[in-house]
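Biologist: Please take me through this model one feature at a time. Give the general idea where there is one, then the case at hand.

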Amino acid sequence: MLDVRNLKKIYTGRNRSVEALRNLTFHIGAGELVCLVGPSGCGKTTLLKCMAGLLTPTSGDVRLDDRPVGGPPPDMAVVFQEYGRSLFAWMNVRDNVALPLRRKKLGKARTRELVDQALEVVGLADVHQAYPWQLSGGMQQRVAIARAVAFEPKVLLMDEPFAAVDAQTRAELEDLIRRLWHDLGVTVLFVTHDIDEAVYLGQRTIILSASPTVVLEDLTIDLPDERDQLHTRASPRFAELRAHVYEQIQRAKHHNGDTDTPVADRSDELTLQKSES
């Protein structure tokens with residue numbers, strides 16, 4: 001379904017360059033839920049933008065259904081971390097969810113049906129006339145998820161979508177994502193910095209090194225498919241997997257694509273990202 005092949009991204013500007021991604025290769029099968037985790041500042045968002053066609057890689061490619069991604073694919077949706085900035089304050093919940101459907105020109109009846117279904121599955125049917133600023137952070141993120149669901153994507157990319165919500169809301173949203181994944185059969189790549197989340201959510205967890213980024217490990221999460229916040233997190237196997245991922249993340253902080261090269265200064269990369277955008 002989704003292939004990342006020898007992906008490299010180098011930011012250049014002002015007589016210097018910073019290598020953010022180095023020869024990343026991994027595969028996500030149709031209908032999989034895969035988490036991606038790594039040290040803070042390792043280039044996870046850069047990778048996601050390349051995969052979504054929002055950023056052009058320096059070399060390598062991303063392929064969706066064996067077709068190269070050269071721009072935002074019509075069968076892909078993205079949920080960003082900063083939900084407040086992705087919602088339009090002057091539009092109510094319904095209009096925010098319906099906005100991307102204008103691109104599909106489905107007609108009013110079909111658009112209304114998709115929006116109603118999406119709001120129902122994320123538990124927001126009763127606030128469809130509210131405005132984002134009237135909702136809690138968790139509810140705003142549900143609006144962003146509903147907008148992605150209504151688009152009927154084959155692939156859903158999520159960039160640390162629960163980083164800004166409280167712990168209780170985060171747990172609810174994690175379970176919501178697993179339920180939507182089961183119900184819709186969509187392929188999900190979930191980027192997170194939270195180790196517990198990376199173990200709880202996915203079928204696999206891809207662990208990245210520090211920048212310039214390579215894949216350190218592609219770990220199978222062999223927990224039962226039926227999961228809940230209490231019993232799954234209390235299980236011995238969850239603790240073992242969490243400890244393993246934590247150990248790898250600590251190793252990742254001191255490991256990049258070239259073990260003889262010190263970890264890159266992220267301030268340069270962030271500056272070059274800003275200048276490129």
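Modeller: This is a predicted model, and the turns below take up its sheets, pockets, backbone and one side chain.

Biologist: Start with the sheets. What is the strand order in the open sheet of 6 strands?

Modeller: The order is E6-E7-E8-E3-E9-E10, and the pairing is mixed. E6 and strand E10 (215–220) are the edges; each has a single partner strand, so one side of each is left without a neighbour in the sheet. From one strand to the next the twist averages 15 degrees.

Biologist: In which sense do strands E3 and E8 pair?

Modeller: Strand E3 (residues 33–37) and strand E8 (residues 187–191) pair in the parallel sense, over 4 bridges. To find the register, look at leucine 36, which stands opposite valine 191 in E8.

Biologist: Which helices lie on this sheet?

Modeller: H1 packs on it, touching E3, E6, strand E7 (155–159), E8 and strand E9 (204–208). The direction of H1 makes about 155 degrees with that of E7. Helix H9 (residues 236–252) lies across E3, E9 and E10, and runs at about 175 degrees to E10.

Biologist: And what is the order in the open sheet of 4 strands?

Modeller: That order is E2-E1-E4-E5, with antiparallel pairing. Strand E2 (16–28) and E5 are the edge strands, each pairing on one side only. Strand E1 (residues 2–13) runs antiparallel to E4 and is joined to it by 5 bridges. Aspartate 3 stands opposite arginine 63 in E4. H1 packs on this sheet too, touching E1, E2 and E4, and its direction makes about 115 degrees with that of E1.

Biologist: Now the pockets. How is empty space found, and what volume does the largest pocket have?

Modeller: A probe the size of a water molecule, rolled over the atoms, shows where empty space is left. The largest pocket has a volume of about 450 Å³. Its lining has 17 residues, and Met76, Ala77, Val78, Phe80 and Pro100 lie nearest the centre. Strand E6 (76–79) and helix H5 (137–150) each supply at least two lining residues, and E6 gives the most, with 4. By class, the lining of the largest pocket divides into 14 nonpolar, 1 polar and 2 charged residues.

Biologist: Which residues line the second largest pocket?

Modeller: They are Thr45, Lys49, Phe80, Gln81, Glu82, Arg85, Ser86 and Asp159. Helix H1 (44–51) and helix H2 (83–86) are the elements giving two or more residues to this lining. The second largest pocket holds about 280 Å³ of space. Its lining has 1 nonpolar, 3 polar and 4 charged residues.

Biologist: Turn to the backbone. Where do aspartate 66 and glutamate 160 lie, and what are their phi values?

Modeller: Most residues other than glycine have a negative phi. Aspartate 66 has a positive phi, near 65 degrees, and lies in the loop between strand E4 (59–64) and strand E5 (67–68). Glutamate 160 also has a positive phi, of about 45 degrees; its loop is between E7 and helix H6 (167–184).

Biologist: Last, a single side chain. With what does the side chain of arginine 94 make a polar contact?

Modeller: The partner is the side chain of aspartate 116, at 2.4 Å. Arginine 94 is placed in helix H3 (residues 93–98). Leaving aside neighbours within four places in sequence, arginine 94 is in contact with Arg112, Val115, Asp116 and His128.

How values were computed:
Residues are numbered from 1 along each chain as its sequence is written. This is a predicted model: local features need pLDDT of at least 70, side-chain atom pairs count only at pLDDT 80 or more; totals for chains, interfaces and linings use all residues. Side-chain values use heavy atoms; hydrogens and water are left out. A polar contact is a pair of N or O atoms within 3.5 Å; within protein, one must be able to donate a hydrogen and the other to accept it, and residues adjacent in sequence count only if both atoms are side-chain atoms. Contact means heavy atoms within 4.5 Å. On a 1 Å grid over the protein atoms alone, a cavity is a set of points where a 1.4 Å probe fits but cannot get out, and a pocket is an open set with protein on both sides within 12 Å along at least five of seven lines; lining residues have an atom within 4 Å of a point. Grid points are joined across faces, edges and corners, and a volume is the space filled by probe spheres set on the points. Ala, Val, Leu, Ile, Met, Phe, Trp, Tyr, Cys and Pro count as nonpolar, Asp, Glu, Lys and Arg as charged, and the others, Gly among them, as polar. Two strands pair if DSSP finds at least two bridges between them. Axes are lines fitted to C-alpha atoms, for helices over the stretch in contact, and angles run from 0 to 180 degrees between N-to-C directions.
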